[in-house]
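Here are my notes on the model you sent over. I have kept them as numbered points so that you can follow along with the structure open beside you.

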Amino acid sequence: MIKKLILGVLAIVVIGVAIFCVVVAMQPADFKITRSATFNAPPEKVFEQINDFHKWEAWSPWAKIDPNMKATYSGPASGTGAAYAWAGNDEVGEGKMTITESRPSDLVKIDLEFIRPFAAKNVTDFSIKPNGGKSDVTWTMTGTNNFLMKAFGLVMNMDKLVGGDFEKGLSQMKPIVEAPAAAK
């Protein structure tokens with residue numbers, strides 16, 4: 001009797017795990033997270049904030065999470081080839097960003113590599129479009145989810161999680177680019 005009960009429970013567990021694996025495997029592999037904002041500033045002013053990693057500390061949603069985070073810059077000061085690497089606590093993890101394409105007042109494309117807490121490679125881009133005397137800015141991240149990230153996506157909405165950070169970053173950049181130019 002106990003043997004049948006144990007075999008029955010084991011069969012249910014195996015079937016449950018198999019169903020879970022099928023559900024995870026059926027999740028979309030590719031993802032895209034996008035947020036946009038309009039700034040009362042010309043595209044050049046927005047572009048200079050995005051194209052120079054040294055300026056990100058003022059508006060990045062992740063910059064102040066770990067005050068002991070180690071940041072290093074390499075390559076040119078800005079534009080194509082500029083790189084920023086970080087290593088911090090469990091909340092910020094470790095990774096590297098490298099600008100792969102930089103078109104003045106139009107686009108900044110970045111290769112984004114996460115090392116920990118999980119390994120992933122994504123592409124991030126900032127598109128800047130003139131809109132009268134304003135700028136429409138779109139921040140997008142695309143990539144491919146592995147099995148673990150697909151499973152994580154079943155319990156955590158990555159679009160809301162990362163998209164919320166994008167919204168925060170854009171709202172923190174807004175007063176910087178909209179501030180009047182300092183008098184010389």
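1. A word on naming before we start: helices and strands here are DSSP runs, helices of at least four residues and strands of at least two, numbered from the N terminus. Please also keep in mind that this is a predicted model. With those names, proline 117 falls in the loop between S5 and S6. The peptide bond that joins arginine 116 to proline 117 is cis, with omega at about 15°. As a general reminder, most peptide bonds are trans.

2. Now the sheet. Seven strands make up an open sheet, and reading across it the order is S1-S7-S6-S5-S4-S3-S2, with antiparallel pairing. Strand S1 (30-39) and strand S2 (70-74) are the edge strands, each of them paired on one side only. With direction ignored, neighbouring strands of this sheet are turned by 15° against each other on average.

3. Which helices should you look for against the sheet? Helix H2 (residues 43-50) packs on the sheet and touches S1, S4, S5, S6 and strand S7 (134-144). The direction of H2 makes about 160° with that of S6. Helix H4 (residues 158-178) packs on the sheet as well, touching S1 and S7. For H4, the angle given is with S1, and the two directions make about 25°.

4. The S2 end of the sheet is worth a slow look. S2 and S3 run antiparallel and are joined by five bridges; serine 74 has alanine 83 in S3 as its bridge partner. Strand S3 (residues 83-87) also pairs with S4, in the antiparallel sense and over five bridges. There, tryptophan 86 stands opposite glycine 95 in S4. S3 and S4 form a hairpin with six residues between them, and glycine 93 in the turn has a positive phi of about 65°.

5. While you are at that hairpin, have a look at alanine 87, which belongs to strand S3. Is alanine 87 buried, exposed or partly exposed? Alanine 87 counts as partly exposed, because its relative accessibility is 28% and that class lies between the 20% limit for buried and the 50% limit for exposed. Leaving aside residues up to four places away in sequence, alanine 87 touches Met69, Lys70, Gly93 and Glu94. One of these contacts can also be followed through the backbone: the C-alpha atoms of alanine 87 and methionine 69 are separated by 5.7 Å, though the two residues are 18 residues apart along the chain.

6. The loop between S4 and S5 holds serine 105. The phi of serine 105 is near 60°, a positive value in a residue other than glycine. In general, most residues other than glycine have a negative phi. Serine 105 has a relative accessible area of 21% and is therefore partly exposed.

7. How many salt bridges does the model have? The count comes to eight. One of them pairs arginine 103 with glutamate 101, whose closest N and O atoms are 2.6 Å apart. Both partners are partly exposed, arginine 103 at 37% relative accessible area and glutamate 101 at 27%. Another links lysine 129 to aspartate 106, with the closest N and O atoms 3.2 Å apart. Lysine 129 lies in strand S6 (residues 120-131) and aspartate 106 in the loop between strand S4 (94-103) and strand S5 (107-116), so this pair ties together parts that are 23 residues apart in sequence. Through shared partners, salt bridges join Glu101, Arg103, Asp106 and Lys129 into one network. Lysine 129 is partly exposed, at 41% relative accessibility.

8. A further salt bridge is formed by the side chains of lysine 55 and glutamate 48, at 3.9 Å from N to O. That distance is within the 4 Å cut-off, so the pair counts as a salt bridge. Lysine 55 is partly exposed with a relative accessible area of 30%, and glutamate 48 is partly exposed at 39%.

9. Last, the surface of the first helix. Leu5, Val9, Val13 and Val17 make a nonpolar surface patch of about 360 Å². Valine 17 has its place in helix H1 (residues 2-25). Valine 17 counts as partly exposed because its relative accessibility is 47%.

Note on methods: Residues are numbered from 1 along each chain as its sequence is written. This is a predicted model: local features need pLDDT of at least 70, side-chain atom pairs count only at pLDDT 80 or more; totals for chains, interfaces and linings use all residues. Side-chain values use heavy atoms; hydrogens and water are left out. Patches are made of residues with over 30% relative accessible area and no salt bridge: like charges are joined within 9 Å, nonpolar side chains (Val, Leu, Ile, Met, Phe, Trp, Tyr) within 5 Å. Accessible areas come from the Shrake-Rupley method with a 1.4 Å probe; for residues, only the protein chains shown count as cover. Buried means under 20% relative accessible area, exposed over 50%, partly exposed in between (1.4 Å probe, protein chains only). Two strands pair if DSSP finds at least two bridges between them. Axes are lines fitted to C-alpha atoms, for helices over the stretch in contact, and angles run from 0 to 180 degrees between N-to-C directions. Contact means heavy atoms within 4.5 Å.
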